[in-house]
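Colleague: I should be grateful for a close look at the principal pocket of this protein, together with the parts of the fold around it. Please set out the account in a connected form.

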Amino acid sequence: MTVQRTLSIIKPDATNRNLTGRINTVFEENGLRIVAQKRIRLTIEQAKAFYKEHDGKPFFDGLVQFMASAPVVVQVLEGEDAIAQNRRLMGATDPSQAEEGTIRKMFALSKGENSVHGSDSETSAAREISFFFNALEITG
């Protein structure tokens, strides 16, 4: 296995319910280190830019509005096989389909309000991390 970095976003439905610490505990108890973190409020334009690969899809406008509706916590997670590990910990996008013990099973409200985002590949992780962080903000 290789040590990797991945982007994680704790979404508005979770920050509104003060779940940041509980979600971070799941990451840390499962071998992921938080090496960068900040709480921000995305503008509509920033949310559109971040999710540009989904532009034109039926859920795009709703996703953009949701992500700009309240603060989010963006963070860089580091660990062995971090991308796959984070995706396992998040669980299925639809919380009704997520396995017990996953973040989405425990905390998500719906398929749309699913509490967390995680990079799906090394290419996505590099792009997404650089969208929110510069090298000086990431500690190792």
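Modeller: A word on classes is needed before the pocket is described: Ala, Val, Leu, Ile, Met, Phe, Trp, Tyr, Cys and Pro count as nonpolar, Asp, Glu, Lys and Arg as charged, and the others, Gly among them, as polar. The model under discussion is a predicted one. By these classes, the lining of the largest pocket comprises seven nonpolar, nine polar and eight charged residues. The pocket has a volume of about 520 Å³. In total 24 residues line it, and those nearest its centre are Lys11, Tyr51, His54, Leu63 and His117. Two or more lining residues come from each of helix 4, helix 5, strand 4 (116-118) and helix 7.

Some of these elements also take part in the nonpolar interior. The largest nonpolar core contains 20 residues, and Ile9, Met67, Phe132 and Phe133 have the most contacts inside it. Two or more of its residues are supplied by each of strand 1 (3-10), strand 2 (33-40), helix 3 (44-50), helix 4 (60-67), strand 3 (72-80) and helix 7 (122-132). The greatest contribution is that of helix 4, with five residues. Helix 4 and helix 7 thus appear both in the lining of the pocket and among the contributors to this core. Apart from neighbours within four places in sequence, Phe133 is in contact with Leu7, Ala36, Gln37, Lys38, Val74, Gln75, Val76 and Ile138. A second core, separate from the one just described, has 15 residues, including Leu19, Ile23, Phe107 and Val116.

Three loop residues complete the picture. Asp81 is found in the loop that joins strand 3 to helix 5. Its phi is positive, about 50 degrees, although Asp81 is not a glycine. Asp81 has a relative accessible area of 25% and is therefore partly exposed, since the buried class requires under 20%. Ser115, in the loop between helix 6 and strand 4, likewise has a positive phi, near 75 degrees, and is a residue other than glycine. Ser115 counts as buried because its relative accessibility is 0%. Thr102 occupies the loop between helix 5 (82-90) and helix 6 (103-107). With a relative accessible area of 6%, Thr102 is also buried. Beyond its neighbours within four places in sequence, Thr102 is in contact with Arg88, Leu89, Met90 and Gly91.

How values were computed. Residues are numbered from 1 along each chain as its sequence is written. This is a predicted model: local features need pLDDT of at least 70, side-chain atom pairs count only at pLDDT 80 or more; totals for chains, interfaces and linings use all residues. Side-chain values use heavy atoms; hydrogens and water are left out. Helices (H or I, at least four residues) and strands (E, at least two) are DSSP runs, numbered from the N terminus. Buried means under 20% relative accessible area, exposed over 50%, partly exposed in between (1.4 Å probe, protein chains only). Contact means heavy atoms within 4.5 Å. A nonpolar core is a set of buried Ala, Val, Leu, Ile, Met, Phe, Trp, Tyr and Cys residues joined through side-chain atoms within 4.5 Å. On a 1 Å grid over the protein atoms alone, a cavity is a set of points where a 1.4 Å probe fits but cannot get out, and a pocket is an open set with protein on both sides within 12 Å along at least five of seven lines; lining residues have an atom within 4 Å of a point. Grid points are joined across faces, edges and corners, and a volume is the space filled by probe spheres set on the points.
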